[in-house]
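Biologist: Before we discuss any details, could you put the structure up, so that we can both look at it while we talk?

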Amino acid sequence: MERGIEMISSEQEAAESLAGTKAALASTDQIVLRGRGIVPGKIRGEALVSPETISGWGGIDPATGTIIERRHSLCGVSFADKVLVFPGAKGSSGWSGFFQSTRLLGTAPAAMVFTKMTTKAVLGAVVTRVPTVSELDQDPVQVIRTGDFVEVDADTGTVTILQRGNG
């Protein structure tokens, strides 16, 4: 046990942990992930989950908030006004500038939740000025599904699944 996080040593244990999480959600209608708040604020909204990292420069269209990276599984999908749940940023340091442009153009995500904290991702969250949480006790990409209604409370470092979506 390190920093209150149970280390999982095998894929089977990880699957069992995820199954336990899903069972807990079914019984309580809510699950809370605890992590580190990066940009303060609190927002509720629909989740958009990307299983892949997102490229800022050349990977998104800031005018629409749409992922345009051709090989990305969410190519053509807009993250505008959604809670963007993703592993992290990839590409150059221009990543943050493109996400700042989404804020200026009104197409930014409502909040960000990412698993891998990097300077690119953190700077992007800061300049986008949306509530952001990272370093969670569970992998949000595995626990949260696209369409779930979630609350991101970066003041307390929590992400709560309030209602499962149809996605």
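Modeller: This is a predicted model, and one cut-off is needed at the outset: a residue is called buried when its relative accessible area is under 20%, and exposed when that area is over 50%.

Biologist: Within helix α2, residues 95–105, which residues are buried, and why do they line one face of the helix?

Modeller: The buried residues of helix α2 are Trp-95, Ser-96, Phe-99 and Thr-102. Viewed down the axis of α2, these residues fall within an arc, so they line one face of the helix, and the width of that arc is 110°.

Biologist: Which residues are exposed on the other side of α2, and which residue just after the helix takes a positive phi?

Modeller: On the side of α2 away from the buried residues, the exposed positions are Leu-104 and Leu-105. Just after the helix, a positive phi of about 75° is taken by Gly-106.

Biologist: What covers the buried residues of α2?

Modeller: The cover includes the strands β4 (54–55), β5 (60–61), β7 (83–86), β8 (89–90) and β9 (111–114). It also includes a helix, which spans residues 119–128 and is α3.

Biologist: How many aromatic pairs does a search of the whole structure find, and which of them is stacked?

Modeller: The search of the whole structure finds two aromatic pairs. In one of them the ring centres are 5.4 Å apart and the planes differ by 15°, which makes it stacked. One partner lies in the loop between β6 (66–67) and β7 and the other in helix α2, so the pair ties together parts that are 20 residues apart in sequence. Both partners are buried, and the stacked pair is that of Phe-79 and Phe-99.

Biologist: Why is the pair of Phe-86 and Phe-114 tilted, and how far apart in sequence are the parts that the pair ties together?

Modeller: The ring centres of Phe-86 and Phe-114 are 5.7 Å apart and their planes stand at 55°, so the pair counts as tilted. Phe-86 is buried, with a relative accessible area of 0%, and Phe-114 is buried at 0% as well. Since Phe-86 belongs to strand β7 and Phe-114 to strand β9, the parts tied together by the pair are separated in sequence by 28 residues.

Biologist: In what order do the eight strands form the open sheet, and why is one side of β1 and of β2 left without a neighbour?

Modeller: The sheet has mixed pairing, and the order is β1-β12-β11-β3-β7-β9-β10-β2. From one strand to the next the twist averages 30°. Each of the edge strands has a single partner strand, so one side of each is left without a neighbour in the sheet, and these edge strands are β1 and β2 (36–39).

Biologist: How do β1 and β11 pair with β12, and which residue in the turn of the hairpin has a positive phi?

Modeller: Strand β1 (residues 31–34) pairs with β12 (residues 158–163) in the antiparallel sense over four bridges, with Ile-161 as the bridge partner of Ile-31. Strand β11 (residues 149–153) also pairs with β12 in the antiparallel sense, over five bridges, and here Asp-153 has Thr-158 as its bridge partner. β11 and β12 form a hairpin with four residues between them, and the turn residue with a positive phi, of about 75°, is Gly-157.

Technical notes: Residues are numbered from 1 along each chain as its sequence is written. This is a predicted model: local features need pLDDT of at least 70, side-chain atom pairs count only at pLDDT 80 or more; totals for chains, interfaces and linings use all residues. Side-chain values use heavy atoms; hydrogens and water are left out. Buried means under 20% relative accessible area, exposed over 50%, partly exposed in between (1.4 Å probe, protein chains only). Helices (H or I, at least four residues) and strands (E, at least two) are DSSP runs, numbered from the N terminus. The arc is that of the directions from the helix axis to the C-beta atoms. Contact means heavy atoms within 4.5 Å. Rings of Phe, Tyr and Trp (its six-membered ring) pair if their centres lie within 6.5 Å; planes under 30 degrees apart count as stacked, over 60 as edge-to-face and the rest as tilted. Two strands pair if DSSP finds at least two bridges between them. Axes are lines fitted to C-alpha atoms, for helices over the stretch in contact, and angles run from 0 to 180 degrees between N-to-C directions.
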